Amino acid sequence: MTTTLTPRAGKIDDIERRDDERGYERDETDSLHQLGTMLLTMAKRDDARIPDGRRARRTLAEMAPGYIRPPLLTFNLPIRAADDACVLCGYWTCRCGQNAAVPARPPSATGTGR
């Protein structure tokens with residue numbers, strides 16, 4: 001008498017199979033998009049009922065015409081020439097990592113390297 005073992009899928013395969021049988025499921029972004037569309041439609045409909053001079057300003061351009069926004073990020077890095085030594089560690093080839101983006105030129109033949 002010979003017994004043959006039939007391979008069986010694991011628990012994860014069973015869960016995936018059940019999920020595949022249910023078919024395509026919409027995610028949360030679809031309902032959020034529908035809500036946004038509905039709110040935009042309501043705002044446009046309600047704005048149409050308000051007289052022209054009475055509508056509230058909603059954007060920065062409407063509230064402050066001509067205002068120029070300052071940049072969010074500014075980099076105040078010291079500007080240095082390629083042949084300058086690092087201001088923190090004093091080495092031509094920076095050892096502290098401050099000037100890693102700007103490679104320094106090697107010292108001249110008469111210089112000491114510091």
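How many salt bridges does a search of the whole structure find? The search turns up six. Before getting to some of them, it helps to look at the chain as a whole, bearing in mind that this is a predicted model.

The overall layout is easy to describe. The chain has three helices and zero strands, and reading along the sequence gives the pattern α-α-α. Just 5% of the 114 residues count as buried. Contacts that bridge long stretches of sequence make up a modest slice of the total: among contacts with a separation of 6 or more, 7% are between residues 24 or more positions apart. As for the outside, the accessible surface adds up to about 11100 Å², and carbon and sulfur atoms account for 57% of that.

Helix α1 covers residues 11-22, and its length can be checked with a little arithmetic. With 1.5 Å allowed per residue, its twelve residues should span 16 Å, and the C-alpha atoms at its two ends lie 17 Å apart, so expectation and model agree. After α1 comes G23, and the phi angle of G23 is positive, near 90 degrees.

Helix α2 takes in residues 28-49, and M42 is one of its residues. M42 also belongs to a nonpolar surface patch, where it is joined by L32, L35, M38 and L39. The patch comes to about 460 Å². How much of M42 itself is open to the outside? Its relative accessibility is 32%, so M42 counts as partly exposed.

Now back to the charged side chains. Side chains of opposite charge can pair when their charged atoms come close. One such pair is R45 and D46, whose side chains meet in a salt bridge with an N to O distance of 3.6 Å. The two partners sit in different accessibility classes: R45 is exposed because its relative accessible area, 52%, is over the 50% mark, whereas D46, at 27% relative accessibility, is partly exposed.

D47 is another residue of helix α2. Is D47 buried or exposed? Its relative accessible area is 18%, and since the cut-off for buried is under 20%, D47 counts as buried. Which residues does D47 touch, once its neighbours within four places in sequence are set aside? The answer is R55 and R58. With R55, the link is a salt bridge in which the closest N and O atoms are 3.4 Å apart. The side chains of D47 and R55 also count as making a polar contact, at 3.4 Å.

R55 has a further partner. It forms a salt bridge with E62 as well, and here the closest N and O atoms are 3.9 Å apart. R55 is partly exposed, with a relative accessibility of 36%. E62 falls into the partly exposed class too, because its relative accessibility is 32%. So what do these pairings build up to? D47, R55, R58 and E62 are linked in a network of salt bridges. Within that network, D47 is a buried member at 18% relative accessibility, while R55 and E62 are partly exposed.

How values were computed. Residues are numbered from 1 along each chain as its sequence is written. This is a predicted model: local features need pLDDT of at least 70, side-chain atom pairs count only at pLDDT 80 or more; totals for chains, interfaces and linings use all residues. Side-chain values use heavy atoms; hydrogens and water are left out. Helices (H or I, at least four residues) and strands (E, at least two) are DSSP runs, numbered from the N terminus. Buried means under 20% relative accessible area, exposed over 50%, partly exposed in between (1.4 Å probe, protein chains only). Contact means heavy atoms within 4.5 Å. Accessible areas come from the Shrake-Rupley method with a 1.4 Å probe; for residues, only the protein chains shown count as cover. Patches are made of residues with over 30% relative accessible area and no salt bridge: like charges are joined within 9 Å, nonpolar side chains (Val, Leu, Ile, Met, Phe, Trp, Tyr) within 5 Å. A salt bridge is a side-chain nitrogen of Lys or Arg within 4 Å of a carboxyl oxygen of Asp or Glu. The expected span of a helix is 1.5 Å times one less than its number of residues. A polar contact is a pair of N or O atoms within 3.5 Å; within protein, one must be able to donate a hydrogen and the other to accept it, and residues adjacent in sequence count only if both atoms are side-chain atoms.
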